Amino acid sequence: MKLGTAELAPTLHRLRRAQGQLEAAVRMLEEGRSCTDVVTQLSAVSKALDRAGFTLISSSLEQCLVSPDGALDKNDLEKLFLSLA
């Protein structure tokens with residue numbers, strides 16, 4: 001199964017957001033910001049990555065429902081969801 005550009009757009013957006021947040025966390029450490037500020041930023045990175053994973057899985061799920069002969073079966077999708085839990 002291959003996802004198109006339209007299906008990947010939300011995932012790419014969230015990954016770019018996470019990338020910016022991670023760069024900010026690195027910069028905060030280099031600047032000597034407080035642990036609270038850095039951990040808060042890292043939490044935002046983690047949530048952005050989780051959401052990127054969920055958007056990708058939901059796109060895959062939609063593809064599988066539209067095309068029952070898709071590459072991912074029910075067990076594969078369950079494993080993907082659990083890997084983000």
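How many helices and strands does the secondary structure of the protein come to? The answer is three helices and zero strands, where helices (H or I, at least four residues) and strands (E, at least two) are DSSP runs numbered from the N terminus. Read along the sequence, this gives the pattern α-α-α. The model is predicted, so local features need pLDDT of at least 70 and side-chain atom pairs count only at pLDDT 80 or more, while totals for chains, interfaces and linings use all residues. Residues are numbered from 1 along each chain as its sequence is written, and side-chain values use heavy atoms, with hydrogens and water left out.

The protein has 85 residues, and 22% of them count as buried. Buried means under 20% relative accessible area, exposed means over 50%, and partly exposed lies in between (1.4 Å probe, protein chains only). The accessible surface comes to about 6,100 Å², with 58% of it belonging to carbon and sulfur atoms; the areas come from the Shrake-Rupley method with a 1.4 Å probe, and for residues only the protein chains shown count as cover. Of the contacts (heavy atoms within 4.5 Å) between residues at least 6 apart in sequence, 62% join residues at least 24 apart.

Helix 1 covers residues 5–30. The expected span of a helix is 1.5 Å times one less than its number of residues. For the 26 residues of helix 1 that gives 38 Å, and the end C-alpha atoms are 36 Å apart, which agrees. Helix 1 nevertheless bends by about 25 degrees at Thr11, the bend being the angle between axes fitted to the seven residues ending there and the seven starting there. Thr11 is buried, as are Ala18, Gln21, Ala24, Ala25 and Met28 in this helix. Ala6, also in helix 1, counts as exposed because its relative accessibility is 64%. Ala6 lies 53 residues from Ser59 in sequence, and their C-alpha atoms are 9.9 Å apart in space.

Helix 2 takes in residues 35–66. Gln41 in this helix is buried because its relative accessible area is 18%. Leaving aside neighbours within four places in sequence, Gln41 is in contact with Gln21, Ala24, Ala25 and Met28, and these four are among the buried residues of helix 1. Leu42, also in helix 2, counts as partly exposed, at 40% relative accessibility. With the same neighbours left aside, Leu42 is in contact with Leu22 and Ala25. The C-alpha atoms of Leu42 and Val26 are 9.5 Å apart, at a separation of 16 residues along the chain.

Just after helix 1, Gly32 takes a positive phi of about 80 degrees. Which side chains meet in a salt bridge? They are those of Arg33 and Asp37, at 3.4 Å from N to O. A salt bridge is a side-chain nitrogen of Lys or Arg within 4 Å of a carboxyl oxygen of Asp or Glu, and a search of the whole structure finds one. Side chains of opposite charge can pair when their charged atoms come close. Arg33 is partly exposed, at 41% relative accessibility, and Asp37 is partly exposed, at 31%.

On the surface, Leu12, Leu15 and Leu49 form a nonpolar patch with about 230 Å² of accessible area together. Patches are made of residues with over 30% relative accessible area and no salt bridge; like charges are joined within 9 Å, and nonpolar side chains (Val, Leu, Ile, Met, Phe, Trp, Tyr) within 5 Å. Leu15 belongs to helix 1 and is partly exposed, with a relative accessible area of 37%.
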